[in-house]
Amino acid sequence: MEKTQAPCWLHIASISDFDSSRRLVREVEGRSILLLQLGKAIIALYNVCTHLGQPLDRGRVVAGQLICPFHGACFDLRTGAALSGPAVAPLLLFPVKLENTEVLIDVGTLPASIIRKSSNC
Ligand code: FES
């Protein structure tokens, strides 16, 4: 897959957008992005399970792992690695940075086929 080169930081949410569920779903260029608040960290991932492409936003989060609600694949939220099947490919994670209370994700280092750079990058 073609990869883009330069970082491209996009504002995607504010910390105040998170409610008690500690999760948000946002759309970026028609792609669904799942944001999870784990303590003070924010994890951003492409909201698509690598098994059969189902959304992950209703998955359970347990001890830093995300469990797909469809067939139970388990992913490490730190690395994206598939820890148990049926999925074998890792999740696509976005680099995240916080600027005060604002959450930004870098879409510039992911495969261009997933999210293209916006015009302001
Ligand atoms: S779609 Fe996620 S484990 Fe099957």
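Start by selecting L35 and A44: A44, in strand 4, is the bridge partner of L35. The model on screen is a predicted one.

Next, colour the two strands these residues belong to. Strand 3 (31-38) and strand 4 (41-46) are antiparallel and share six bridges. They make a hairpin with two residues between the strands, and G39 in that turn has a positive phi of about 65°.

Now go back along the chain to strand 2, residues 23-28, which is joined to strand 3 by six bridges and runs antiparallel to it. Select L24 here; its bridge partner in strand 3 is L35. Strand 2 and strand 3 also form a hairpin with two residues between them, where E29 in the turn has a positive phi of about 50°.

Move on to the open sheet of three strands, whose order is 1-11-10 with antiparallel pairing. Strand 1 (9-14) and strand 10 (96-99) are at its edges; each has a single partner strand, so one side of each lacks a neighbour in the sheet. On average, neighbouring strands here are turned by 35° against each other, direction ignored. Between strand 10 and strand 11 (residues 102-106) there are four bridges. Select V96 to find I105 of strand 11 opposite.

Keep I105 selected and add I12, I33, L35, A44 and L45: these have the most contacts inside the largest nonpolar core, which has 26 residues. Strand 1, strand 3, strand 4 and strand 11 each give two or more residues to this core, and strand 4 provides the largest share, five residues.

Finish at L45. Leaving out residues up to four places away in sequence, L45 touches L34, G80, L91, L92, L93 and F94.

Methods: Residues numbered from 1 in each chain as written. Predicted model: local features only at pLDDT ≥ 70, side-chain atom pairs only at ≥ 80, totals over all residues. Pairing = 2+ DSSP bridges. Axes fitted to C-alpha atoms, helices over the stretch in contact; angles between N-to-C directions. Core = buried A, V, L, I, M, F, W, Y, C linked by C-beta atoms within 7 Å. Buried ≥ 20, exposed ≤ 12 C-beta atoms within 10 Å, placed from the backbone. Contact = placed C-beta atoms within 7 Å.
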